[in-house]
Amino acid sequence: MASVQLQASIPAAISAIRTRNPYSSASFTPSPPLVSFAAKSPETHRKRVGRRFACRAMVQQAVQGAPAAYAKEMERLSAKESLLLAFKDSGGFEALVTGKTTEMQRIDVNERITGLERLNPTPRPTTSPFLEGRWNFEWFGSGSPGLFAARILFERFPSTLANLSKMDVAIKDGYAKITANLKLLNSIESKFILSTRLSVEGPLRMKEEYVEGILESPTVIEETVPEQLKGALGQAVNTMQQMPVPIRDVISSGLTIPLNGAFQRLFMISYLDEEILIIRDTAGVPEVLTRLSAPLSAEPIAEYES
């Protein structure tokens, strides 16, 4: 009988001990906040670390990108300055059209042209507002039509008799007007104006169609006329005054040569910014122009249709 009571009291005693022991496995229940923290802490940590690395990468990219852009811009400005100095060292426009530029000077200029083209800041120059304005021709390639015409002029006449002082082009609203300034005997000035129509063929390519050419009536600078020519000049002026009015008006207005698009050429704009324009024809011959005046408006040329 005592044995049965003892056996019955053992489970009750164990139950009482477990109830008093707070660390018993049967009575210990972890609190919900601790379980929640243990489950979410690793992922939350990864997110915070990921954001930290992302921010650090953005800061590093910004810091590294600014010096890179600055260095590229400085390289471009240096290349422009180097090209302009090469023009000056080669003798400029006069030496170019008279054939006095040496082979070493030509290769030096062409090398600097290629270096500047590599840094072209205008991805779509044919529709850029920078294209419009008035430009001065600084350099012709060996196959350029302008240089070919100038060479013919100087082969026919000595430089003391005829001289091509400068050439410029005005681009506006899809048209170009090329002006060649001629001087005869250092006292008679005349201009030949070639009007062309420009059409956009792509982001870099354009087509030029010749519309008409005008040889303006010469202007005499009396102060510079040699003494031995003043008599002949006076006779020419008197003969002009005695001509019928219609003929005199035609001569005074110049000689117009209609071309009607019979001649045309394709060219590519390889470099364009606010100061320099470089184009290349189908043979790859470069022409370099520097800006004389800014465009009248900032409206881009009409976009091409592919």
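## Exercises on a predicted model

Ser-195 counts as buried, because its relative accessibility is 15% and the cut-off for buried is under 20%. That is a handy warm-up for the exercises below, which work through a predicted model.

### Exercise 1: Place a buried serine

Task: Find the strand that holds Ser-195, and list the residues Ser-195 touches beyond four places in sequence.

Solution.
- Step 1. Start with the secondary structure: Ser-195 sits in strand S4, which covers residues 188–200.
- Step 2. Next, look at the surroundings. Setting aside residues up to four places away, Ser-195 touches Ala-176, Lys-177, Glu-209, Tyr-210, Val-211 and Glu-212.
- Step 3. Now try Ser-270, which belongs to strand S8 (residues 264–272). Ser-270 is also buried, because its relative accessibility of 12% is under 20%.
- Step 4. Apart from neighbours within four places in sequence, Ser-270 is in contact with Glu-117, Asn-120, Ile-278, Ile-279 and Arg-280.

### Exercise 2: Take stock of the whole chain

Task: Describe the protein chain by its helices and strands, its buried share and its confidence.

Solution.
- Step 1. Count the elements: the chain has seven helices and ten strands.
- Step 2. Of its 306 residues, 30% are buried.
- Step 3. Turn to the surface. About 19,700 Å² is accessible, and carbon and sulfur atoms account for 60% of that.
- Step 4. Check how contacts span the sequence: among contacts with a separation of 6 or more, 64% are between residues 24 or more positions apart.
- Step 5. Finish with confidence. The mean pLDDT is 74, with 55% of residues at 70 or more. Residues 1–6 have pLDDT below 50, and this stretch makes zero contacts beyond near neighbours in sequence. Residues 33–39 are also below 50, with one such contact in the model.

### Exercise 3: Nonpolar residues inside and outside

Task: Which residues have the most contacts inside the largest nonpolar core, and which residues form a nonpolar patch on the surface?

Solution.
- Step 1. The largest nonpolar core contains 39 residues, and those with the most contacts inside it are Phe-137, Met-167, Val-169, Ile-269, Leu-277 and Val-288.
- Step 2. Take Phe-137 as a case. Beyond four places in sequence, Phe-137 touches Phe-93, Met-167, Asp-168, Val-169, Ile-178, Glu-287, Val-288 and Leu-289.
- Step 3. Recall the general tendency: in soluble globular proteins, nonpolar side chains tend to be buried together.
- Step 4. Now move to the surface, where Phe-192, Leu-215, Leu-255 and Ile-257 form a nonpolar patch with about 320 Å² of accessible area together.
- Step 5. Look at one member: Ile-257 is in strand S7 (residues 255–258). With a relative accessible area of 38%, Ile-257 is partly exposed.

### Exercise 4: Follow the salt bridges

Task: For Arg-118 and Arg-265, name the salt-bridge partners, then state which parts of the chain each pair links.

Solution.
- Step 1. Begin with the total, which is 13 salt bridges.
- Step 2. Arg-118 pairs with Glu-75 at 3.0 Å, N to O. Arg-118 is in the loop between helix H4 (103–117) and strand S1 (133–139), while Glu-75 is in helix H2 (residues 32–89), so this pair ties together parts 43 residues apart in sequence.
- Step 3. Check accessibility here: Arg-118 is exposed at 57%, whereas Glu-75 is partly exposed at 35%.
- Step 4. Arg-265 meets Glu-208 at 2.8 Å, N to O. Because Arg-265 lies in strand S8 and Glu-208 in strand S5 (residues 205–215), the pair ties together parts 57 residues apart in sequence. Both Arg-265 and Glu-208 are buried.
- Step 5. Arg-265 also forms a salt bridge with Glu-287, at 3.4 Å, N to O. This pair links strand S8 with strand S10 (residues 286–293), and its two residues are 22 apart. Glu-287 is buried, as is Arg-265.
- Step 6. Close with a network: Glu-73, Arg-76, Lys-80, Asp-273 and Glu-275 are joined by salt bridges that share partners.

### Exercise 5: A loop residue

Task: Is Ala-283 buried or exposed, and where is Ala-283 found?

Solution.
- Step 1. Ala-283 counts as exposed, because its relative accessibility is 65% and the cut-off is over 50%.
- Step 2. Ala-283 is in the loop between strand S9 (276–281) and S10.
- Step 3. For a distance, use Leu-266, which is 17 residues from Ala-283 along the chain: their C-alpha atoms are 9.9 Å apart.

Conventions
Residues numbered from 1 in each chain as written. Predicted model: local features only at pLDDT ≥ 70, side-chain atom pairs only at ≥ 80, totals over all residues. Heavy atoms only, no water. Helix = DSSP H or I, 4+ residues; strand = E, 2+ residues; numbered from the N terminus. Buried < 20%, exposed > 50% of the residue type's maximum accessible area, 1.4 Å probe, protein only. Contact = heavy atoms within 4.5 Å. pLDDT = per-residue confidence, 0-100. Core = buried A, V, L, I, M, F, W, Y, C linked by side-chain atoms within 4.5 Å. Patch = residues over 30% accessible without salt bridge, like charges linked within 9 Å, V, L, I, M, F, W, Y side chains within 5 Å. Areas by Shrake-Rupley, 256 points an atom, 1.4 Å probe, with all protein chains shown as cover. Salt bridge = Lys/Arg side-chain N within 4 Å of Asp/Glu carboxyl O.
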